[in-house]
Amino acid sequence: MIKQFVPQEACLNCRRCCRFSDSNSVWLPCLLNEEIESFADKPGIPAVSISADKRIVPVANSAQDGFLCPFLNTGDNKCRIYEARPFECRLYPFLINLRDRKVLLTVDLNCPYIRGNIQSADFKRYSQDLAAFLNLPEQLKTLKENPQLLQAYEEVAEVVELGLPQDEIK
Ligand code: SF4
């Protein structure tokens, strides 16, 4: 289980996450192969569409322009599958970036909490712990087997390069 860096109240009072400007945004949540399988038969998880590149297909936002994750409850701003949310959502606002064939742990600079805390000792400590976790052999194996998680995100800050060798990146 990945502990959240951003406090719950900060997330609930911010209405940026789980919302997307277009229907094939790089920011749409990507699923691990095993999540695609488990989502299909897990009780309590509403059926949603998964795209060919293993992303949750968003729905049009009826209140304003753009798109929403179908699991977002816009009334209370909570994830309806929070306990079973995808690995990528657990990791957020940290992201796995692929840049120049290097696999980097990065953090989203669009997140207001990150912008306010990126220089803090807490951020440094959390980032080091998270990098150590992602560098465990079983986590690196997960990244290697799920190349859909390695994306080219913009507006992120590099935290550290992860230990996935270039010749193991698909
Ligand atoms: S699954 Fe939950 S946390 Fe992830 S994008 Fe959708 S609403 Fe947000």
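1. A good place to start is the overall layout: the C-alpha centres of domain 1 and domain 2 lie 21 Å apart. Please keep in mind throughout that this is a predicted model. The domain assignment places domain 1 at 8–81 and domain 2 at 93–168.

2. The two domains do touch. On one side, 9 residues of domain 1 take part, and they are in contact with 10 residues of domain 2. The domain 1 side of this meeting is mixed in character, with 5 nonpolar, 1 polar and 3 charged residues.

3. The largest nonpolar core is worth a look next. This core has 25 residues, and Ile 96, Val 103, Leu 105 and Leu 143 have the most contacts inside it. At least two core residues come from each of strand S6 (94–99), strand S7 (102–108) and strand S8 (156–161). S7 gives the largest share, with 4 residues. Both domain 1 (8–81) and domain 2 (93–168) contribute residues, so the core lies between them. As general background, nonpolar side chains in soluble globular proteins tend to be buried together.

4. Leu 105 deserves a closer view. Setting aside neighbours within four places in sequence, Leu 105 is in contact with Phe 94, Ile 96, Leu 130, Ala 131, Leu 134, Val 159, Val 160 and Leu 162. One of these partners, Ile 96, is also listed with Leu 105 among the residues with the most contacts inside the core.

5. Now to the ligand. Its surroundings include four cysteines that you may like to inspect, Cys 17, Cys 18, Cys 69 and Cys 79, together with Cys 89. Pro 29, Phe 71, Leu 72, Ile 81, Arg 85 and Pro 86 also surround the ligand. By class, this shell holds 10 nonpolar residues, no polar ones and 1 charged.

6. Some backbone details merit a check. Most residues other than glycine have a negative phi, and most peptide bonds are trans. The bond joining Tyr 92 and Pro 93, however, is cis, with omega about 15°. Pro 93 sits in the loop between helix H3 (87–91) and S6.

7. Lys 54 is not a glycine, yet its phi is positive, at about 70°. Lys 54 is found in the loop between helix H2 (33–41) and strand S2 (59–60). Lys 54 counts as partly exposed because it has 18 C-beta neighbours inside 10 Å.

8. Asn 77 also has a positive phi, near 65°, in a residue other than glycine. The loop between strand S4 (72–73) and strand S5 (78–79) holds Asn 77. With 14 C-beta neighbours inside 10 Å, Asn 77 is therefore classed as partly exposed.

Technical notes: Residues are numbered from 1 along each chain as its sequence is written. This is a predicted model: local features need pLDDT of at least 70, side-chain atom pairs count only at pLDDT 80 or more; totals for chains, interfaces and linings use all residues. A nonpolar core is a set of buried Ala, Val, Leu, Ile, Met, Phe, Trp, Tyr and Cys residues joined through C-beta atoms within 7 Å. A residue is buried if 20 or more other C-beta atoms lie within 10 Å of its own, exposed if 12 or fewer, and partly exposed in between; C-beta atoms are placed from the backbone. Domain bounds come from an automatic or database domain assignment. Two residues are in contact if their C-beta atoms, placed from the backbone, lie within 7 Å. A residue is near a molecule or strand if its C-beta atom, placed from the backbone, lies within 6 Å of it. Ala, Val, Leu, Ile, Met, Phe, Trp, Tyr, Cys and Pro count as nonpolar, Asp, Glu, Lys and Arg as charged, and the others, Gly among them, as polar.
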